[in-house]
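Below is a short structural report for a reader who works with coordinates. Please keep the model open while reading.

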Amino acid sequence: MGLFDVTQIALERALAGSAQRQQIIANNLANADTPGFKRSDLDFHSQLAGALEAGRSGAQLQSLAFSPSNDTSSSMQLDGNNVDVDSEMSKLSENSLDYQSLVAVASARLKMLQTAIGTGQ
């Protein structure tokens, strides 16, 4: 296992994707009362999985940029805004748990490296 193998790089990109999604969802919530605002979301899982299935190298994964999508098809309110606060809060909680899980896996991998080099407890 290399220090920066594909798995570690994929974990780092997933953490970055989750952080980006957090910002997007927070922006949706901040604009819940803005007339005409259309919500966005980021499906970084699918984008990262596609890159991994395509056999991209670690260097290619490091430069992987995630693209959010805008939901312009629906309107939840008369003013054209389509942000559902309850749904966004649910997505925020889901994303938070996702991020915490990714941190736990990354931390466990680093602990294994520390143990392997003799500095872990």
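The report goes from the overall fold to salt bridges, a polar site and an aromatic pair.

**Basis**

This is a predicted model, in which local features need pLDDT of at least 70 and side-chain atom pairs count only at pLDDT 80 or more, while totals for chains, interfaces and linings use all residues. Numbering runs from 1 along each chain as its sequence is written, and side-chain values use heavy atoms, with hydrogens and water left out.

**Overall fold**

The protein chain has 4 helices and 2 strands. Both are DSSP runs, numbered from the N terminus: helices are H or I with at least four residues, strands are E with at least two. Their order along the sequence is α-β-α-α-β-α. The radius of gyration of the protein chain is 18 Å, well over the 14 Å from the globule rule for 121 residues, so the chain is more spread out than a compact globule. That radius is taken over C-alpha atoms, and the rule is 2.2 Å times the number of residues to the power 0.38. The C-alpha trace spans about 60 × 35 × 15 Å along its principal axes.

Of the 121 residues in the protein chain, 33% are buried. Buried means under 20% relative accessible area, exposed means over 50%, and partly exposed lies in between (1.4 Å probe, protein chains only). The accessible surface of the protein chain is about 7200 Å², and carbon and sulfur atoms hold 55% of that. Areas come from the Shrake-Rupley method with a 1.4 Å probe; for residues, only the protein chains shown count as cover.

Contact means heavy atoms within 4.5 Å. Among contacts in the protein chain between residues at least 6 apart in sequence, 74% join residues at least 24 apart.

**Salt bridges**

Side chains of opposite charge can pair when their charged atoms come close. Here a salt bridge is a side-chain nitrogen of Lys or Arg within 4 Å of a carboxyl oxygen of Asp or Glu. The structure holds 4 salt bridges. The table gives three of them, including N to O distances.

| Acid | Base | N to O distance |
|---|---|---|
| Asp-41 | Arg-21 | 2.8 Å |
| Asp-41 | Arg-39 | 3.5 Å |
| Glu-88 | Arg-39 | 2.5 Å |

Take Asp-41 and Arg-21, which meet in a salt bridge. Asp-41 lies in strand 1 (residues 40-41) and Arg-21 in helix 1 (residues 6-30), so this pair ties together parts that are 20 residues apart in sequence. Asp-41 is buried at 14% relative accessible area. Arg-21 is buried too, at 10%.

Now take Glu-88 and Arg-39, also a salt bridge. This pair links distant parts of the chain: Glu-88 is in helix 4, Arg-39 in the loop between helix 1 and strand 1, 49 residues apart. Glu-88 is buried at 1% relative accessibility. Through shared partners, salt bridges join Arg-21, Arg-39, Asp-41 and Glu-88 into one network. Arg-39 is buried, with a relative accessible area of 12%.

What else does Glu-88 contact, leaving aside its neighbours within four places in sequence? Besides Arg-39, Glu-88 is in contact with Ile-25, Asn-28, Leu-29 and Val-83. The C-alpha atoms of Glu-88 and Ile-25 are 6.4 Å apart, though 63 residues separate the two along the chain.

**A buried polar site**

Asn-95 sits in helix 4 (residues 85-117). Asn-95 is buried, with a relative accessible area of 0%. A polar contact is a pair of N or O atoms within 3.5 Å; within protein, one must be able to donate a hydrogen and the other to accept it, and residues adjacent in sequence count only if both atoms are side-chain atoms. The side chain of Asn-95 makes such a contact with the side chain of Gln-22, at 3.1 Å. A polar atom of the Asn-95 side chain also lies 2.9 Å from the backbone oxygen of Ser-18. Beyond its neighbours within four places in sequence, Asn-95 is in contact with Ser-18, Arg-21, Gln-22, Ile-25 and Phe-44.

**The aromatic pair**

Rings of Phe, Tyr and Trp (its six-membered ring) pair if their centres lie within 6.5 Å; planes under 30 degrees apart count as stacked, over 60 as edge-to-face and the rest as tilted. The count comes to 1 aromatic pair. Phe-44 and Phe-66 form this edge-to-face pair, with 6.0 Å centre to centre and 65° between the planes. Phe-44 lies in helix 2 (residues 44-53) and Phe-66 in the loop between helix 3 (58-62) and strand 2 (69-70), so the pair ties together parts that are 22 residues apart in sequence. Phe-44 is buried at 1% relative accessible area, and Phe-66 is buried at 6%.
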